[in-house]
Amino acid sequence: MNTHIHVVIVTYNRLDKLKHTLECYDRQTYPPQEIIVVDNHSSDKTAEYLEDWSSQNSDISKIVITTEHNLGGAGGFAIGMQEALKHGAEWIWISDDDAYPDSKALEITAQYCNKLQADTVCVCGSVIHQGEVDIDHRRISKGKIIKLPVKIPKEAYTKEVIDIDETTFVGSCFKADTVRKAGVPLKDFFIYFDDTEFSHRMAKYGKIRLVPEIIITHDTVTYSQPTDVVATWRDYYLVRNHVNTLKRHQLVSYCAYCIKKIYDTAVSFTRNKNTQLLAMNLHAIYDGMTGHLGLHPIYKPGYNIPA
């Protein structure tokens, strides 16, 4: 087995989790060829730690990219994957800084990269959260006219391999040659739906395959919106990038979603008379439809709409 896997990790102000993540890659029974860490302009001690980490002797090549400002997960993964392509990667494993691969994760991944059909463009594993399979990360599309994402049920994880349509950037390994054709994730999405949109592009060239035997533990905390706000900056990117993804890949679903979202926004406004919420939702829909992407000048991290 001689499959060259390059790992891309994006981190931002989570040094303790990043340390544990990097330790997990040190313990792999099948080490990666290279680890690329994209530091998204962290303000804690991440930069100092990574400087020391990258200088340590290792059989694994270590690359640190420090951005000039926070590019969001989408921007971080885009530049990290571009770097891996420059270095001749065959497969690119991408993951967050709070995702811990089991010690045999890369070994099993490499085995399946070799044994699965040539049309395989992605191999991904089971995401475990609090001891249970988190079914949010792997999905199929169902529907003849309007396509809807459906989570793979837990009982299906007993199979050896499952063909899916969408995966997240938590323990997914992509064929580099296909990434060169399809392009890297859209950096201007900033946050949310970058993995979904990228999945659809990759799937045009082959199959995304879930191998449940590959285990990744996700040490994440479910986001809870403050009780004194009705929406945050995150909601803008959720709607905008959802609209833009559907426009690119599922035109009928795109039309249906936009009509429903505009209707829901109007109904909501008649009830709460919240002009800020109305403006943000309409901006998100319009920007997704017209392709006005990137970090919005108003809806930046920290922006909240009070209740």
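Here is a friendly exchange about a predicted model.

Trainee: Let's begin with the helices. How many of the 15 residues of α3 are buried?

Mentor: Helix α3 covers residues 72-86. Its buried residues include Gly72, Phe77, Met81 and Leu85. The helix is largely enclosed by the rest of the structure, because the number of buried residues is 11 of the 15.

Trainee: How far does α3 reach from its first C-alpha to its last?

Mentor: With 15 residues at 1.5 Å a residue, the expected span is 21 Å. The model comes close to that expectation, and the reach of α3 is 22 Å.

Trainee: Which residue just after α3 takes a positive phi?

Mentor: Helix α3 ends at residue 86, so to speak of what follows, look just past that end. There, a phi of about 75° is taken by Gly88.

Trainee: Is Thr178 buried or exposed?

Mentor: Thr178 sits in helix α5, which spans residues 176-182. Leaving out residues up to four places away in sequence, Thr178 touches Val121, Met202 and Tyr205. Its relative accessible area is 6%, and the cut-off for burial is under 20%, so Thr178 counts as buried.

Trainee: On to the strands. Which residues of β12 are buried on each side?

Mentor: Strand β12 runs over residues 172-175, and both of its faces are covered. In a regular strand the side chains alternate between the two faces of the sheet. Here, one side has Ser172 and Phe174, and the other has Cys173 and Lys175.

Trainee: Which residue of β12 does Trp93 stand opposite?

Mentor: Begin with β4, residues 91-96, which runs antiparallel to β12 and is joined to it by 4 bridges. Opposite Trp93 in β12 stands Cys173.

Trainee: And what is the bridge partner of Cys124 in β12?

Mentor: Here the strand to look at is β6, residues 120-129. Strands β6 and β12 run antiparallel, with 3 bridges joining them. In β12, the partner of Cys124 is Ser172.

Trainee: Which strands are at the edges of the open sheet with the order β9-β8-β11?

Mentor: This sheet has 3 strands with antiparallel pairing. An edge strand pairs on one side only, and that applies to β9 (148-151) and β11 (166-167). The edges are therefore β9 and β11.

Trainee: Which residue in β9 does Lys142 stand opposite?

Mentor: Strand β8 takes in residues 138-142 and pairs with β9 in the antiparallel sense. The pairing extends over 4 bridges. Facing Lys142 in β9 is Leu148.

Definitions and conventions: Residues are numbered from 1 along each chain as its sequence is written. This is a predicted model: local features need pLDDT of at least 70, side-chain atom pairs count only at pLDDT 80 or more; totals for chains, interfaces and linings use all residues. Side-chain values use heavy atoms; hydrogens and water are left out. Two strands pair if DSSP finds at least two bridges between them. Helices (H or I, at least four residues) and strands (E, at least two) are DSSP runs, numbered from the N terminus. Buried means under 20% relative accessible area, exposed over 50%, partly exposed in between (1.4 Å probe, protein chains only). Contact means heavy atoms within 4.5 Å. The expected span of a helix is 1.5 Å times one less than its number of residues.
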